[in-house]
Amino acid sequence: MTPSPVVGRILDALREVVGAQPVGLHEPNFSGNEWAYLKDCLDSTFVSSVGRYVDRFEADLAAFTGSGHAVAVVNGTAALHIALKLAGVEPGDEVLIPALTFVATANAVAYCGATPHLVDSEENTLGMDPQALRGYLRDMTEMRGGVCVNRETGRVIRAMVPMHTFGHPVDMDGILALSRDFRIAVVEDATESLGSTIQGRHAGTFGRMGVLSFNGNKVITTGGGGAILTDDAALARHAKHLTTTAKVPHRWAYFHDEIGYNYRMPNINAALGCAQLEQLPGFIASKRSLFARYRAAFSGISQARIFEEPAGSQSNYWLQTLVLDEANSGLRDELLQSTNDAGLMTRPIWELMSRLPPYQACPRMPLPVAESLVRRVVNLPSSVALATD
Ligand SMILES: *Cc1c(COP(=O)(O)O)cnc(C)c1O
């Protein structure tokens with residue numbers, strides 16, 4: 001089947017940037033000290049729950065992000081779970097999350113026994129829309145005893161989880177203003193935005209806590225891994241305690257003073273992380289230049305645009321993003337089909353949480369922008385190795 005003219009032009013532009021060979025969506029890059037640190041870690045025999053690479057990775061992450069503290073854990077989902085618990089989320093609460101996110105954001109809320117409450121997105125950040133949310137909260141909620149209560153369900157809205165989609169920072173000024181006015185704690189899902197900043201300040205350091213992921217497809221990887229960022233020393237200590245089975249430090253006694261989790265990051269994963277973090281500035285430079293090449297190649301195609309970082313922010317351009325205009329949203333599936341058939345891996349943005357069986361019944365505000373973005377957003381090959389300069 002020959003592609004429609006618009007899809008044909010998009011395929012040509014894509015080939016101009018990535019070449020004709022098959023390419024994945026996002027492949028990891030191990031060209032630094034990975035082998036050296038892994039060998040050192042194996043030689044030390046400390047591959048598991050203790051070891052100096054975990055301490056070093058946490059210190060390096062805190063330094064890189066400018067966060068007071070970083071607590072390394074087994075994956076980003078676990079980091080979200082613990083951050084929400086520490087933000088005070090309890091069974092029966094509601095937590096505001098974007099309708100348009102990876103399912104882990106919603107799952108972490110559910111692990112706390114709480115209900116996700118779905119928020120619409122903004123076209124120019126792809127993240128939560130604080131303006132629309134303000135109007136909605138004004139109509140839907142009231143303050144009772146210093147907490148924000150959903151008048152319809154009677155449940156407390158305890159926290160909100162803005163997510164920086166594909167590395168592009170959400171409007172944190174707007175989110176923080178809502179947090180103050182409605183007394184809702186902020187946990188940032190910064191799992192996609194390591195290396196992204198807003199006015200020079202790192203994503204994930206604006207809320208009470210922020211969460212990172214080092215899954216295999218993220219901007220840097222530890223195989224699997226995550227971290228909690230916070231400026232609050234007591235919260236960081238508690239996060240460490242909860243994620244290490246809540247064992248009270250002692251040379252031999254097994255005394256656990258609350259229900260803890262085995263969420264710690266193994267030392268061997270942290271060794272990989274230390275090597276990856278050293279290369280992050282170079283990775284981001286490559287991703288930014290890949291973005292510039294995509295933008296140039298697609299500049300003549302009026303039916304779609306390459307998504308650009310919001311004003312005032314610097315994105316890590318984790319996943320390159322093509323946004324079809326509404327009139328051409330019907331071409332999305334054909335575009336996915338032809339590009340993947342040609343060996344150029346592309347992916348649609350996630351399904352809305354409101355359409356997934358476990359979250360269909362969740363409370364939500366009207367979601368016109370998120371619904372439109374789902375029809376129009378496609379991720380393009382984004383590996384660091386695709387940058388040529
Ligand atoms: C990757 C990701 C997570 C979860 O991270 P894992 O390390 O895979 O558990 C959570 N939220 C979003 C938006 C993500 O992209």
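How many Å separate an oxygen atom of the ligand from an N or O atom in the side chain of Lys-218? Select both and check: the distance is 3.2 Å. Keep in mind that this is a predicted model.

**Stop 1: polar contacts of the ligand**

Stay on the ligand and add Glu-192. An N or O atom of the Glu-192 side chain sits 2.5 Å from a ligand oxygen. Next, pick Gly-76. Here the backbone supplies the partner: one of its N or O atoms is 2.7 Å from an oxygen atom of the ligand. Now turn on the surface. The ligand exposes 380 Å² when taken alone, and the protein buries 93% of that.

**Stop 2: the pocket and its shell**

Show pockets. The largest pocket is the space that the ligand takes. Two elements each give two or more residues to the shell around the ligand: α4 (76-86) and α5 (103-111). Colour α4 first. Its 3 residues are the largest share of that shell.

Then select the whole shell. It holds 16 residues, with Gly-76, Thr-77, Glu-192, Ser-213 and Lys-218 the closest to the ligand. Colour by residue class: 9 are polar, 4 nonpolar and 3 charged.

**Stop 3: a salt bridge**

Leave the ligand and display salt bridges. The whole structure has 18 of them. Zoom to Glu-123 and Arg-376, one such pair, whose closest N and O atoms are 2.7 Å apart. Glu-123 is in the loop between β3 (115-119) and α6 (130-140), while Arg-376 belongs to helix α11 (residues 368-376), so this salt bridge ties together parts 253 residues apart in sequence. Select that loop and α11 together to see both ends of the link.

Terms used. Residues are numbered from 1 along each chain as its sequence is written. This is a predicted model: local features need pLDDT of at least 70, side-chain atom pairs count only at pLDDT 80 or more; totals for chains, interfaces and linings use all residues. Side-chain values use heavy atoms; hydrogens and water are left out. A residue is near a molecule or strand if one of its heavy atoms lies within 4 Å of it. A polar contact is a pair of N or O atoms within 3.5 Å; within protein, one must be able to donate a hydrogen and the other to accept it, and residues adjacent in sequence count only if both atoms are side-chain atoms. Accessible areas come from the Shrake-Rupley method with a 1.4 Å probe; for residues, only the protein chains shown count as cover. On a 1 Å grid over the protein atoms alone, a cavity is a set of points where a 1.4 Å probe fits but cannot get out, and a pocket is an open set with protein on both sides within 12 Å along at least five of seven lines; lining residues have an atom within 4 Å of a point. A molecule sits in a cavity or pocket if more than half of its atoms lie within 2 Å of its grid points. Helices (H or I, at least four residues) and strands (E, at least two) are DSSP runs, numbered from the N terminus. Ala, Val, Leu, Ile, Met, Phe, Trp, Tyr, Cys and Pro count as nonpolar, Asp, Glu, Lys and Arg as charged, and the others, Gly among them, as polar. A salt bridge is a side-chain nitrogen of Lys or Arg within 4 Å of a carboxyl oxygen of Asp or Glu.
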